[in-house]
Amino acid sequence: MSVELQKNYWIFNNEEQEGLIERDRICASEILSVCLGIEAKRQTSLDRKRVVDILKKCRSGSYKTSIRFGKSYGVTSGFIKDRGL
């Protein structure tokens with residue numbers, strides 16, 4: 001799903017939709033782009049580090065240094081949801 005479609009989903013949809021797949025991974029760049037509206041080319045390494053630090057405190061999954069995030073984000077570091085969560 002493109003960044004624009006992701007933004008539109010979070011802005012305009014407040015109901016569950018059929019055919020959606022539960023996410024199992026997230027990267028800092030995706031949070032900055034989709035949730036905070038900061039374009040990838042304007043994100044700083046400090047911005048991404050702050051997001052990663054927050055996610056590490058939430059213990060929202062296992063941090064990996066090399067994960068594929070599709071066409072929009074490529075291979076980068078991020079979190080994979082633990083199977084038990």
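**Surface, fold and nonpolar cores of the predicted model**

The protein exposes about 6,700 Å², of which carbon and sulfur atoms supply 52%. The structure is a predicted model, and of the 85 residues of the protein, 26% count as buried. Four helices and three strands are present, and from the N terminus on these elements follow the order α-β-α-α-β-α-β. Among the contacts between residues at least 6 apart in sequence, 45% join residues that lie at least 24 apart.

In soluble globular proteins, nonpolar side chains tend to be buried together. In the present model, the largest nonpolar core consists of seven residues, namely A28, I31, L32, V51, V52, L55 and F79. To this core, α2 (28-35) and α3 (45-58) each contribute at least two residues. A second core, separate from the largest one, has five residues, including V34, I67, F69 and Y73.

The helix α2 is mostly covered, with seven of its eight residues buried; these are A28, S29, E30, I31, L32, S33 and V34. Within this helix, L32 belongs to the largest core, whereas V34 is one of the residues of the second core. When residues up to four places away in sequence are not counted, L32 is in contact with G37, I38, Q43, D47, R48 and V51, and of these partners V51 is also a member of the largest core. Another of the partners of L32 is G37, which is placed just after α2 and adopts a positive phi of about 75°.

Conventions:
Residues are numbered from 1 along each chain as its sequence is written. This is a predicted model: local features need pLDDT of at least 70, side-chain atom pairs count only at pLDDT 80 or more; totals for chains, interfaces and linings use all residues. Side-chain values use heavy atoms; hydrogens and water are left out. A nonpolar core is a set of buried Ala, Val, Leu, Ile, Met, Phe, Trp, Tyr and Cys residues joined through side-chain atoms within 4.5 Å. Buried means under 20% relative accessible area, exposed over 50%, partly exposed in between (1.4 Å probe, protein chains only). Contact means heavy atoms within 4.5 Å. Accessible areas come from the Shrake-Rupley method with a 1.4 Å probe; for residues, only the protein chains shown count as cover.
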